[in-house]
Amino acid sequence: MEVLEYITDKALILIPALNIIGMIIKRLEKINDKYIPLILLLFGVLGTIGLLGVSVDSVIQGVLVAGTSVFGNQVIKQLSK
């Protein structure tokens with residue numbers, strides 16, 4: 001099973017957007033790296049609520065989108081070592 005099967009088409013645009021937001025946050029030295037996934041989770045949930053409306057499904061989609069973004073970033077980092 002792939003996680004992308006569970007993410008709605010409208011929310012897929014948030015994955016690259018969250019990657020860009022994560023890179024911007026990473027360059028800010030004032031924010032500790034351990035908080036980046038939580039910040040991306042917040043942006044993911046708020047983004048899906050903005051796209052899909054207020055519902056439990058939107059929150060779940062936000063968690064899936066943020067998780068996919070963070071997981072994808074970590075896979076790329078680990079494979080490049």
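Where does Leu12 lie relative to helix 1? Select Leu12 to find out: Leu12 sits in the segment before helix 1. Keep in mind during the tour that this is a predicted model.

**Stop 1: Leu12**

With Leu12 selected, show its surroundings. Leaving out residues up to four places away in sequence, Leu12 touches Leu4 and Ile7. Leu12 counts as partly exposed, because its relative accessibility is 31% and the partly exposed class runs between 20% and 50%. Now add Phe71 to the selection. Leu12 and Phe71 are 59 residues apart along the chain, and their C-alpha atoms are separated by 15 Å.

**Stop 2: the largest nonpolar core**

Next, select Ile7, Ala11, Leu14, Ile15, Leu18, Ile25, Ile36, Leu40, Val65 and Ala66. These ten residues form the largest nonpolar core. Colour the helices to see where the residues come from: helix 1 (14–27), helix 2 (36–52) and helix 3 (56–79) each give two or more residues to this core. Helix 1 provides the largest share, four residues.

**Stop 3: Leu18**

From the core, pick Leu18 and display its contacts. Apart from neighbours within four places in sequence, Leu18 is in contact with Leu40, Phe43, Gly44, Val65, Ala66 and Ser69.

**Stop 4: Ser69**

Follow the contact from Leu18 to Ser69. Ser69 belongs to helix 3. Is Ser69 buried or exposed? Ser69 is buried, because its relative accessible area is 2% and buried means under 20%. Not counting residues up to four places away in sequence, Ser69 touches Ile15, Leu18 and Asn19.

**Stop 5: helix 1 against helix 2**

Hide the side chains for a moment and look at helix 1 and helix 2. The two helices pack at an angle of about 145°, and their axes are 10 Å apart. The crossing of helix 1 past helix 2 is right-handed.

Bring the side chains back. On the helix 1 side, select Leu14, Leu18, Ile21, Gly22, Ile25 and Lys26; these meet Ile36, Ile39, Leu40, Phe43, Gly44, Gly47, Thr48 and Leu51 in helix 2. By type, the residues of this contact are nine nonpolar, four polar and one charged.

**Stop 6: Ile25**

Stay in helix 1 and select Ile25, which is found there. Ile25 is buried, with a relative accessible area of 7%. Which residues does Ile25 touch, if residues up to four places away in sequence are not counted? They are Ile31, Ile36 and Ile39. For a distance check, add Lys10: Ile25 and Lys10 are 15 residues apart in sequence and 24 Å apart in space, C-alpha to C-alpha.

**Stop 7: Lys26 and Asp33**

Now select Lys26 and Asp33. Their side chains meet in a salt bridge, with 2.6 Å from N to O. A search of the whole structure finds one salt bridge. Side chains of opposite charge can pair when their charged atoms come close. Lys26 counts as partly exposed, at 40% relative accessibility. Asp33 also has 40% relative accessibility and counts as partly exposed.

**Stop 8: Leu38**

The last selection is Leu38, in helix 2. Leu38 counts as exposed, because its relative accessibility is 54% and exposed means over 50%. Add Lys77 to end the tour: Leu38 and Lys77 are 39 residues apart in sequence, with 19 Å between their C-alpha atoms.

How values were computed. Residues numbered from 1 in each chain as written. Predicted model: local features only at pLDDT ≥ 70, side-chain atom pairs only at ≥ 80, totals over all residues. Heavy atoms only, no water. Core = buried A, V, L, I, M, F, W, Y, C linked by side-chain atoms within 4.5 Å. Buried < 20%, exposed > 50% of the residue type's maximum accessible area, 1.4 Å probe, protein only. Contact = heavy atoms within 4.5 Å. Salt bridge = Lys/Arg side-chain N within 4 Å of Asp/Glu carboxyl O. Axes fitted to C-alpha atoms, helices over the stretch in contact; angles between N-to-C directions. Left-handed = near helix turned anticlockwise from the far one by under 90°. Nonpolar A, V, L, I, M, F, W, Y, C, P; charged D, E, K, R; others polar.
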